[in-house]
Amino acid sequence: MVRATMKVLIAVALMCCGGASAAAADELYRAQAIVTGQGETNRNVGFASALEDVLIKVSGAQKLADSRRLGAYQSNAKSFVSAFSYHDQMSGKPKRDEQGTRDRPYDLIVDFEAAKIDDLLRALGLRPWRSHRAVLVAVVEMQLGARDYMVTSDADQSLLQRESLAAAAAKRGMTVVLPSAAMLAKAGISGTAAGTKTSEALGPVVTELAGEVALVGRLVWVDRELGWATQWQIDWHGRTHRWQVRGTNFDEAFRRGIGGAAQILSGNGQPATRSSSVGGNKLH
């Protein structure tokens, strides 16, 4: 009886593991884009954007972002799609005359055919990143004028950045955790001190959060650029990697930070320093 029960439990466990693996694989080949309405023209634009994201997500190669090499494939992105659906961003809100189905914003959720994406990556000289993806512990400082604070898991002032980091991690297929304010205080990390900390100094925080590697970032708002100047650092396999992103909103800065870490961890090389322009006066 005991032996039979154990066999059942093992079978159930294997089924659960198999289901989890399948779900993770499905998620890896899924991306989304914001579109206006559900017309075919806008949908194809969304497919093109989602194709770039899924190629980066599956390979870990952030260097594919905005790459001209993808143009020919993006023009026929729908041929790589296996299924798609919409999520109404204004669900539950009444439709107005100029915010009907045509102008209404939607999240276009796209599932791509894994075999076709893998083949496309090989055509681009890349490969799917199948190995374990290390959990990142993000130690991030924000400096906006006289304000200087750390992005933590519990501080109200970093709520927007917390949400943005989570979205960036999901887009790049990574797991990112944040320390609490108490953890950082205990480790003696605050403000500009964060960027000077070594991996060894950050080790206790990484261990406490069950992470595997620290991603250190410092974002400074630059008025003349209408964007954030960002420095990122990660220590991996005995080497310190640093890269910069300038003139972006913090959503893009976080995508570049997490994407750069993924590029290093996946063996796709050093992230490039990048300068961009941000329209308007948005601080995020």
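This is a short walk through one structure, covering its pockets, two of its helices, its strands and a few backbone details.

Hi everyone, and thanks for coming. One thing to keep in mind from the start: this is a predicted model.

Let's begin with the pockets. The largest pocket has a volume of about 600 Å³. It is lined by 20 residues, and the ones closest to its centre are Gln32, Ile34, Ala167, Lys171 and Arg255. If you have the structure open, those five residues are a good place to put your cursor.

Which elements build that lining? At least two residues each come from β1 (30-36), α2 (40-59), β3 (105-112), α5 (159-171) and α8 (250-265). So much for where the residues sit; now for their character. Nine residues of the lining of the largest pocket are charged, seven are nonpolar and four are polar.

Now to the second largest pocket, which holds about 160 Å³ of space. Its lining includes Gln62, Lys63 and Ala65, then Trp243 and Val245, then Arg256 and Gln263. The rest of that lining is Gln270, Pro271, Ala272, Thr273 and Arg274. Here β9 (239-248) and α8 each give at least two residues. By class, this second lining has five nonpolar, four polar and three charged residues. Notice that α8 has come up twice: it supplies residues to the lining of the largest pocket, and also to that of the second largest.

That makes α8 a nice helix to look at next. The helix α8 has 16 residues, and from its first C-alpha to its last it reaches 22 Å, close to the 22 Å expected at 1.5 Å a residue. How much of α8 is covered? Of its 16 residues, 14 are buried, so this helix is mostly covered, with buried meaning under 20% relative accessible area. Just after α8 comes Gly267, with a positive phi near 80°.

Our other helix, α2, can be described along the same lines. It has 20 residues and a reach of 28 Å from first C-alpha to last, close to the 28 Å expected at 1.5 Å a residue. Helix α2 is mostly covered too, with 14 of its 20 residues buried. And what follows α2? That is Gly60, with a positive phi near 80°.

On to the strands. One open sheet has three strands in the order β1-β3-β2, with antiparallel pairing. Its edge strands are β1 and β2 (81-88), each of which pairs on one side only. On average, neighbouring strands of this sheet are turned by 25° against each other, direction ignored. Looking closer, β2 and β3 are paired in the antiparallel sense over seven bridges. If you would like one pair to find on screen, try Ala83, whose bridge partner in β3 is Asp111.

Further along the chain, β8 (residues 227-236) pairs with β9 in the antiparallel sense over eight bridges. Gln233 has Arg242 of β9 as its bridge partner. These two strands form a hairpin with two residues between them, and His237 in the turn has a positive phi of about 50°. Strand β9 also runs parallel to β10 (residues 274-275), joined to it by two bridges. There, Val245 stands opposite Arg274 of β10. You have met both names already, as Val245 and Arg274 are among the residues lining the second largest pocket.

Let me finish with two backbone oddities. As a reminder, most residues other than glycine have a negative phi. Ala210 is not a glycine, yet its phi is positive, about 60°. Where is Ala210? Look in the loop between α7 (199-208) and β7 (213-222). Is Ala210 buried or exposed? Its relative accessibility is 58%, so Ala210 counts as exposed.

The second oddity is Leu226, also a residue other than glycine, with a positive phi near 50°. You will find Leu226 in the loop between β7 and β8. Leu226 is partly exposed, at a relative accessible area of 31%. One last thing to look for here is Asn249, which is 23 residues from Leu226 along the chain, with 8.4 Å between their C-alpha atoms.

That's my tour, and thank you for listening!

Notes: Residues are numbered from 1 along each chain as its sequence is written. This is a predicted model: local features need pLDDT of at least 70, side-chain atom pairs count only at pLDDT 80 or more; totals for chains, interfaces and linings use all residues. Side-chain values use heavy atoms; hydrogens and water are left out. On a 1 Å grid over the protein atoms alone, a cavity is a set of points where a 1.4 Å probe fits but cannot get out, and a pocket is an open set with protein on both sides within 12 Å along at least five of seven lines; lining residues have an atom within 4 Å of a point. Grid points are joined across faces, edges and corners, and a volume is the space filled by probe spheres set on the points. Helices (H or I, at least four residues) and strands (E, at least two) are DSSP runs, numbered from the N terminus. Ala, Val, Leu, Ile, Met, Phe, Trp, Tyr, Cys and Pro count as nonpolar, Asp, Glu, Lys and Arg as charged, and the others, Gly among them, as polar. The expected span of a helix is 1.5 Å times one less than its number of residues. Buried means under 20% relative accessible area, exposed over 50%, partly exposed in between (1.4 Å probe, protein chains only). Two strands pair if DSSP finds at least two bridges between them. Axes are lines fitted to C-alpha atoms, for helices over the stretch in contact, and angles run from 0 to 180 degrees between N-to-C directions.
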